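Biologist: I am new to this structure. Please take me through one part of it closely, in plain steps.

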Amino acid sequence: MSAISELSSMSRRKGPVTEEEKRANRRDNKAAYIFLLPWLVGLVVITVGPMLMSLYLAFTDYNLLQPPEWTGLDNFTRMLGDARLHNSLRVTFTYVLVGVPLQLAVALLIALVLDKGLRGLPFYRSVFYLPSLLGGSVAVAILWKQIFGTTGLVNQVLAMFGIAGPGWISDPSTSLGSIILLHVWTFGSPMIIFLAGLRQIPNMYYEAAEVDGATTLQKFWRITLPMLSPIIFFNLVLQIIGSFQSFTQAFIVSGGNGGPSDSTMFFTLYLYQKGFGQFDMGYASAMAWFLLVIIGAFTAVNFIASKYWVFYDD
Amino acid sequence: MPLFPRPATAAASGAPAKPAKAKRRLRATAAVAAAAAAVLALSACGGPAQSSADGKVELRFSWWGGDKRAQVTQAAIAAFEAENPNIKIKAEYGDWSGYWDKLATQVAANDAPDIIQMDEKYITEYSTRGALLDLSKYGIDTSKLDEAALNAGKSDDGLTGIAAGINAATILANPAVFKAAGVALPDDKTWTWEDFERISAEVTAKSPKGTYGAAAYGTDEASLGVWLRQNGKSLYTSDGKLGFEPSDIAGWWDFLKQLSEKKAVPSASEVVEAEAAPLDQSGLATGKNGLAFWWSNQLPALEKAAGGELQVLRFPSKTGKAANTQLWYKASQFWSASSRTKHPEEVAKFINFLANDTKAGEILLADRGVYPNSEVRAAIQAKLTPADVKVVKFIDQIKGELGEAPAPPPKGAGAIQEIIKRYSSEVLFNRLSTQDAGTKAVDEMNSAISS
């Protein structure tokens, strides 16, 4: 049941509505809109306006310095033949399809450990959440760059064992992996949500399973996972949407150019380069709308697929 | 799908008691006031510089560069403001890497700085699109300026940039690295590219791990430009096309690969990492490279970062004759102005001060290259630091050896450096053959400058 249907059932009332009540309702509505005004203004000015503008720009040739020129579907047909764009899609899909499941698996694992009722749980919870607060930040991306540099911490440790590590971030074969690792490391927010979800599973199921002699693994597969599936679904949707849009980490780690050799050229990074670096804002706008379609499609598939694996208790 | 179901009581609780009419009106008024305040706050941020009621004009001035440049430029601004109490200059500065993205956005938002430090790679782009002011209409004295430097800022769109300095492509040497390796510094009047390779490889071999004889080229168009000119080609032609073929740039990469194989230059990974490092942490400044490719005006800042003396060298040539190095004088950067500035007169006054006033020269010295104004150059001679003197001397020395002035970079040239960088790493990581990289790079460059 959605929040909207809950609300509408609340507003349904018995008995006829008097004139006085109607007027009072209208006044209440007016007050509500006035209270909403600051947010509405923000939404229209900062979000909807620019979005509509970018939709228009997507069909134009716009170099930022001169007024846009209508070119119809030209930007979209150009995208078909743009090899760097195809590469950026490949990079982004790899990041999402590898990074998101890995991150959620780690988040779930840590949540399961923390849920065992360990002493000082709030402390550990905070510690594990910390990377999520920091992970998207510029400072951590810079730190990452140092740790995984040719003479960074990782290679210094490897050197102790006589292994000469590559330049993790500066070698095109390992650079994307390093950024995925950074993403996995920021498992905190899905972890917190998993923890909350685990707390909601009634203990009686486990007790009953124990009476029947179920093993820990069986309990996990037969009780925890199905009961947690709505939460997994929620995390999956959020993380996929977020990952498609991720930008900061690749921008900082690669020094803004998606390098080496475009190996960390995320779709968003390429979009940024086109729009702000190469005076091709019309094309960049078209890319942004294409990304919206991709994310929309992924989310739709997610929701359709959820019918087959997400289990609702109620 | 209630993820966090609300307690039953919250959903069931009825409407709150109705407040009295007067109270409600008060509440509505407060809400309107709050909303109005929020809207005002929103509209208050941003907006171009404007003159205030007391007749004071505020101008915004943006440049790229490091700490040293920020210090001297701020001092020059202060000197100008002292002479012109009704003009206030607001400085906006940052690194090269973010400068152009920011400028493009500001111009698009009709929020361009009034005075803009411009580069030759972008000046055509901005000029042809009408974003820069034609400075010739505002009485800036150009009579003392070096003619070649002055012409670099002229185009069909008028005089859209006044050269701030003259510099040249150089190789800078860190003598400390050579001394530690026990290798003699090369003689830049006679050295060839083979000497460059041999000497660099020798320094690497005799230095501790992680130190290399030379930094790799392949990260910008200056070193490519020199190479092409020595081979009878050029980066661009005078009609705004590429001046070379895929095979020319492939030859440049072939030699780079050879340098890399002989360990004369750092490994591919280290090259990529070095690209991102700011000047202060460059291999030359940190003593990790014996030789590196820089513009002449960057020597003082690099010496400061290295904490020791550096030496300016000519590029090697194919023939071993200094006369064949084919260097050229470049306008290091330009003073330009936004075509939408509300105060073109004041802007011109400030640019005139920077370009022609000895006071500005005494403060700025050679940070942006050798002064194009001959009078200022002579007047500040005594004030130059030893590092500045080295730069000025070098520029004077090569005067007789210069090649033809190169054609100005066409519109879209801002994208070329990134393409060179990207394909250089494709080549260094052995992901593409030099021939394939050449073909692809030239394709991309052609479409960048033709669009």
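Biologist: What percentage of the 314 residues of chain A count as buried? Please start there, look closely at chain A, and then turn to the sheet in chain B.

Modeller: A word first: this is a predicted model. In chain A, 32% of the 314 residues count as buried. A residue needs 20 or more other C-beta atoms within 10 Å of its own to be called buried.

Now the make-up of the chain. Chain A has 14 helices and two strands. Its radius of gyration is 25 Å, while the globule rule gives 20 Å for 314 residues. The value is well over the rule, so chain A is more spread out than a compact globule. Along the principal axes, the C-alpha atoms of chain A fill a box of roughly 70 × 65 × 35 Å.

Contacts come next. Take those in chain A with a separation of 6 or more. Of these, 70% join residues 24 or more positions apart.

On to chain B. Here four strands form an open sheet, in the order β9-β10-β8-β11. The pairing is mixed. At the edges stand β9 (212-214) and β11 (311-313) of chain B. Each has a single partner strand, so one side of each is left without a neighbour in the sheet. From one strand to the next, the twist averages 35 degrees.

Look at one edge. β9(B) pairs with strand β10 (residues 289-295) of chain B. The sense is parallel, and the pairing runs over two bridges. Within this pair, Y212(B) stands opposite N289(B) in β10(B).

Technical notes:
Residues are numbered from 1 along each chain as its sequence is written. Chains are lettered from A and ligands numbered from 1 in the order in which they are written. This is a predicted model: local features need pLDDT of at least 70, side-chain atom pairs count only at pLDDT 80 or more; totals for chains, interfaces and linings use all residues. Two strands pair if DSSP finds at least two bridges between them. Axes are lines fitted to C-alpha atoms, for helices over the stretch in contact, and angles run from 0 to 180 degrees between N-to-C directions. The radius of gyration is taken over C-alpha atoms; the globule rule is 2.2 Å times the number of residues to the power 0.38. A residue is buried if 20 or more other C-beta atoms lie within 10 Å of its own, exposed if 12 or fewer, and partly exposed in between; C-beta atoms are placed from the backbone. Two residues are in contact if their C-beta atoms, placed from the backbone, lie within 7 Å.
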